[in-house]
Amino acid sequence: MFAQGGVIAAVLIPVHVLVQGILGPLGIVPVVDRHYDTWISILGNPIVKLYLLVLIAAPFYHFAHRLRYLLVDLGVPAAKGVPAQVIFYGGAVLVTLFTIWLLLTTAPLF
Amino acid sequence: MALGWWTRTAHYFWYIVREFTAVPLALWMLWFVVEIQRAQNGPKGYYPHSSTGFVIFSVIVLLFALYHSTTFLSLAGVILHFKVFDRPIPSRLIVLSQFGLWLVASVVIAFVLVYFGR
């Protein structure tokens, strides 16, 4: 999951940050999340829901791993322990579960 | 190990920066989750992030995201090994294919995000 999350973060996240975080808010290009009707419409698409689940959930397993080892490298040995693993990887699991719930309840399919 | 060991050489510093990219990227993705959640508020309750502060935050995150992408995809040549007719594919070609995939995916996603906007 570390590698897959890393690849997904590398390939997919920069363009979302550029378009939805910079170009859209600055009004340089029209972006799907700038208006409720276009945003809710695309969020109702099952392929988009699946894409968003992968886009959001997978990188968090990568982030959890990197953050844990960042703390180890910065001199926090407790980050190697089981409680830290539960916190970091458990956090990634929570983000996954919350995202699933969010995508199922926002513009529901049924 | 001394606390500031990673400030001794540029190599160590950029290694820690690479590991740190997870923090701004995770924060931005959490914002993205909030953006989806706001759609549950209905047409009158929905408002996308538009502040100057958010744009500045996104510019900083983009720099970290690009650093993560270039460093992570460059590793593909070390990690991935393929053979065609019993001849190994050069690692440079594998890295190039990863950057090509990144470019194509970025163009497709940008097109969808803009095309369905108004």
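In this predicted model, buried residues account for 42% of the 110 residues of chain A. The fold of chain A is built from four helices and has zero strands, and its elements follow one another as α-α-α-α along the sequence. The C-alpha trace of chain A extends over about 50 × 35 × 20 Å along its principal axes. Its radius of gyration is 17 Å, whereas a compact globule of 110 residues would be expected to come in near 13 Å. Among the contacts in chain A with a separation of 6 or more, 65% join residues that are 24 or more positions apart.

Chain B presents its own picture. Of its 118 residues, 19% count as buried. Six helices and two strands make up its secondary structure, in the order α-α-α-α-α-β-β-α. The two strands are S1 (83-84) and S2 (87-88), with a loop between them. Along the principal axes, the C-alpha trace of chain B spans about 60 × 50 × 20 Å. The radius of gyration of chain B is 19 Å, set against a value near 13 Å for a compact globule of 118 residues. For contacts in chain B with a separation of 6 or more, the share formed by residues 24 or more positions apart is 43%.

The domain assignment divides chain B into domain 1, covering 1-74, and domain 2, covering 81-118. A distance of 22 Å separates the C-alpha centres of these two domains of chain B.

Turning to the meeting of the two chains, the contact draws 45 residues from chain A and 46 residues from chain B. On the side of chain B that touches chain A, helices H1 (10-20), H2 (22-38), H4 (52-74) and H6 each contribute at least two residues. The largest share of that side comes from H4(B), which provides twelve residues. Sorted by class, the side of chain B that touches chain A comprises 34 nonpolar, nine polar and three charged residues.

One helix pair across the contact deserves a closer look. Helix H1 (residues 2-23) of chain A packs with helix H6 (residues 91-115) of chain B at an angle of about 35°, and their axes are 9 Å apart. The crossing of H1(A) and H6(B) is right-handed. From H1(A), the residues taking part are A:Ala10, A:Val11, A:Leu12, A:Pro14, A:Val15, A:His16, A:Val19 and A:Gln20. Their counterparts in H6(B) are B:Leu101, B:Trp102, B:Ala105, B:Ser106, B:Ile109, B:Ala110, B:Leu113 and B:Val114. This contact of H1(A) with H6(B) has 13 nonpolar and three polar residues, and no charged residues.

Within chain B, B:Thr21 offers a view of how separate parts of the sequence come together. B:Thr21 sits in the loop between H1 and H2 of chain B. This residue counts as buried because it has 24 C-beta neighbours inside 10 Å, the cut-off for burial being 20 or more. Not counting residues up to four places away in sequence, B:Thr21 touches B:Phe64, B:Tyr67 and B:His68. The C-alpha atom of B:Thr21 is also 11 Å from that of B:Thr71, although their positions lie 50 residues apart along the chain.

Two residues stand out for their backbone geometry. Most residues other than glycine have a negative phi. A:Ala107, which is not a glycine, nevertheless has a positive phi of about 50°. A:Ala107 is located in the segment after helix H4 (82-105) of chain A. With 18 other C-beta atoms within 10 Å, A:Ala107 is partly exposed. In chain B, B:Phe85 likewise has a positive phi, near 50°, in a residue other than glycine. B:Phe85 belongs to the loop between strand S1 and strand S2 of chain B. B:Phe85 counts as exposed because it has 4 C-beta neighbours inside 10 Å, where the cut-off for exposure is 12 or fewer.

How values were computed
Residues numbered from 1 in each chain as written. Chains lettered and ligands numbered in written order. Predicted model: local features only at pLDDT ≥ 70, side-chain atom pairs only at ≥ 80, totals over all residues. Axes fitted to C-alpha atoms, helices over the stretch in contact; angles between N-to-C directions. Left-handed = near helix turned anticlockwise from the far one by under 90°. Contact = placed C-beta atoms within 7 Å. Nonpolar A, V, L, I, M, F, W, Y, C, P; charged D, E, K, R; others polar. Domains from an automatic or database assignment. Rg over C-alpha atoms; globule rule 2.2 N^0.38 Å.
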